[in-house]
Amino acid sequence: MSEFKVPELGENVVGGDVMRVMVNVGDTIVRDQPVLELETDKATIEVPSNVAGTVKEVRVKKGDKIKVGAVVFTVDDAAAGNGAGAAPAAGAAATVEQPAPKAEAKPAEHAAPPAAEKTDAKPAAEHKVLPMPQRNAEPARNPEPVRAPDPGTRNAEPAQRERGPVAPASPAVRRLAREIGIVVDEVPGSGPGGRISQDDVKEHARRILSSVGSAAGAGASRATRALPDFQKWGEVERQPLSNIRRATSEHLSYAWNTIPHVTQFDKADVTSIEALRRKYKDQVAKAGGNLTVTAMLVRILATAVRTFSQFNASIDTERGELVYKKYVNVGVAVDTDRGLLVPVIRNADRKNITEISVEIQQAAEKAREKKLTLEDMSGGGITISNLGGIGGTYFTPIVNWPEVAILGVSRAVTEPAWRNETFEPRQMLPLSLSYDHRVIDGADAMRFLRWVVEAIEQPFLLSLIG
Ligand code: CAO
């Protein structure tokens, strides 16, 4: 008899919510067959089996929260005869030599899984499966390791992406990290290829402690306040935070607590550009896009940050440096029924508005169909958040850390504007620019926003310099 346990999943994943158990008692399974779908705070992961045989007992069900190392099911492998091997010792899932476990990265999602708790052993059709390297033997990990502030659903640390899903670190370094409660995959490695040393782990721990200390100082009054008993005033219902909501909450709290925000407002006269939009809408539709103010603004922002490079920068407080990006990637906030997701339009400065319209359309569809990958949402330089399709006048968007600026767009309305000694009906678009005041001065922000307004009002400018 063998046990199948949740293997190490990489990318700081310590466990997750069971979305689907893809085997039933009596099923005959083979190695590498997807058997479990887990929703973590960063991705939905499809876990393949490292055992083969007939399923005898299934110990988890949809909705369970399980950790790496938990037994999922047992199999009778007597008849398998394919070298599935005996069950590893209890708590040793991390020591299992996984059969090149496959995980599928896609944004954490809150959508309800298929109705049946246990289904046939079939991978979900929409999932892409990414290969994950084998892991070395390692004892059970600290269940509650300390994490660096989480970039949430919006961005992944470049260093981690570059060095792959599993951090290069020796067993001794991993042990040290585990003992002091650090997620080793989050430690920036100073060695060749990002290899992590014991000193890197200690330095990372020191940094977290100092940031936790200052955050605690800043938010002490919030942290210590207990909620009232709401039931005193009527019926209430409690629901657990979904993974995507938790990740968004952590990410936005981090951004809000770290970035000194300022928001500036302006209005752009979109009467002419709106006429152009209507004129060319069908043409763009034929290419598969929806020509909207969002697409036009993505292109305008992409050109604007080439002129105002500090708007496409990040602040590295550790090293006392500003990081100026030479590429132009624009994030677009997309509203989904599971929460906010921010896919990124890459090299937006090199694409025309039709191409951008098509990409936004595709990204929004992927977001709503739960098909966005973490990569699709990484590497943005500046973000646009357009709530105008819904309504509203102005709002104060939160900067999407580690970016330094975000443009909020509200609903364009026709209003009287004083032009040529008379009031004329003009369609005006309210814009809200939030920025990190450590990096951007107010005067520069106003110049930037004015530039954007002028580019909207005189679209020829884009062709002139774009
Ligand atoms: N003012 C007036 N009309 C607007 C508008 C605005 N600011 N923005 C969009 N519209 C219009 C569009 O032109 C379109 O009109 P037509 O039907 O005539 O073409 C219609 O509203 C629907 O547009 P859309 O919203 O489907 O398309 P979009 O490209 O503008 O936006 C997307 C795409 C994905 C950004 C949007 O659907 C969305 O999810 N917005 C919400 C973003 C969000 O939640 N932000 C908050 C984040 S928290 O900071």
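Here a colleague asks a modeller how labels in this predicted model are justified.

Colleague: What makes the pair of lysine 65 and aspartate 17 a salt bridge?

Modeller: The cut-off is 4 Å between a side-chain nitrogen of Lys or Arg and a carboxyl oxygen of Asp or Glu. Here the N to O distance is 3.1 Å. That lies within the cut-off, so the pair is called a salt bridge.

Colleague: Where in the chain do the two partners sit?

Modeller: Lysine 65 is in strand β7 (residues 65-67). Aspartate 17 is in strand β2 (residues 15-21). They are 48 residues apart, and the pair links distant parts of the chain.

Colleague: Why is lysine 65 called exposed?

Modeller: Exposed means over 50% relative accessible area. Lysine 65 has 59%, so the label fits.

Colleague: And why does aspartate 17 count as buried?

Modeller: Buried means under 20%. Aspartate 17 has 17% relative accessibility, so it counts as buried.

Colleague: How do you know that arginine 450 and aspartate 266 form a salt bridge?

Modeller: Their closest N and O atoms are 3.1 Å apart. The limit is 4 Å, so this pair qualifies. Arginine 450 lies in helix α8 (residues 442-457), and aspartate 266 lies in strand β11 (residues 261-269). The pair therefore ties together parts that are 184 residues apart in sequence.

Colleague: Which labels do arginine 450 and aspartate 266 get for accessibility?

Modeller: Arginine 450 has 34% relative accessibility. Partly exposed covers the range between under 20% and over 50%, so arginine 450 is partly exposed. Aspartate 266 has 15%, so it is buried.

Colleague: What separates aspartate 444 and arginine 447 along helix α8?

Modeller: They are three residues apart, which means about one helical turn. Their closest N and O atoms are 2.6 Å apart, in a salt bridge. Arginine 447 is partly exposed, at 49%. Elsewhere, Glu3, Lys5, Glu57 and Arg59 are joined into one network by salt bridges that share partners. The structure holds 23 salt bridges.

Colleague: Let's turn to the strands. What makes β3 and β6 a pair?

Modeller: Two strands pair if there are at least two bridges between them. Two bridges join β3 to β6 (residues 53-58), so the condition is met. The two strands run antiparallel. In β6, glycine 53 is the bridge partner of isoleucine 29.

Colleague: How many bridges join β1 to β8, and how many join β6 and β8?

Modeller: Four bridges join β1 to β8, again antiparallel. Lysine 5 has valine 71 in β8 as its bridge partner. β6 and β8 also pair in the antiparallel sense, over four bridges. Threonine 54 stands opposite aspartate 76 in β8.

Colleague: What order do the strands of this sheet take, and why are β1 and β3 called edge strands?

Modeller: The order is β1-β8-β6-β3, in an open sheet of four strands with antiparallel pairing. β1 (2-5) and β3 each pair on one side only, and they are the edge strands.

Colleague: What makes β8 mostly covered?

Modeller: Five of its six residues are buried.

Colleague: How do you know that threonine 292 makes a polar contact with the ligand?

Modeller: A polar contact needs N or O atoms within 3.5 Å. A ligand oxygen is 2.6 Å from an N or O atom in the side chain of threonine 292. That distance therefore passes. Threonine 294 also has a side-chain N or O atom 2.6 Å from a ligand oxygen. For serine 410, a polar backbone atom is 2.8 Å from a ligand nitrogen. The ligand taken alone exposes 970 Å², and the protein buries 74% of that.

Colleague: Why is phenylalanine 230 called partly exposed?

Modeller: Its relative accessibility is 38%, which lies between the 20% and 50% limits, so the label holds. Phenylalanine 230 also belongs to a nonpolar surface patch with Leu227, Trp233 and Val236. Together they have about 460 Å² of accessible area.

Colleague: What stands out in the backbone at aspartate 32, and what at proline 402?

Modeller: Aspartate 32 has a positive phi of about 75 degrees, although it is not a glycine. It lies in the loop between β3 (28-29) and β4 (34-39). The peptide bond from tryptophan 401 to proline 402 is cis, with omega near 10 degrees.

How values were computed
Residues are numbered from 1 along each chain as its sequence is written. This is a predicted model: local features need pLDDT of at least 70, side-chain atom pairs count only at pLDDT 80 or more; totals for chains, interfaces and linings use all residues. Side-chain values use heavy atoms; hydrogens and water are left out. Patches are made of residues with over 30% relative accessible area and no salt bridge: like charges are joined within 9 Å, nonpolar side chains (Val, Leu, Ile, Met, Phe, Trp, Tyr) within 5 Å. Accessible areas come from the Shrake-Rupley method with a 1.4 Å probe; for residues, only the protein chains shown count as cover. Buried means under 20% relative accessible area, exposed over 50%, partly exposed in between (1.4 Å probe, protein chains only). A polar contact is a pair of N or O atoms within 3.5 Å; within protein, one must be able to donate a hydrogen and the other to accept it, and residues adjacent in sequence count only if both atoms are side-chain atoms.
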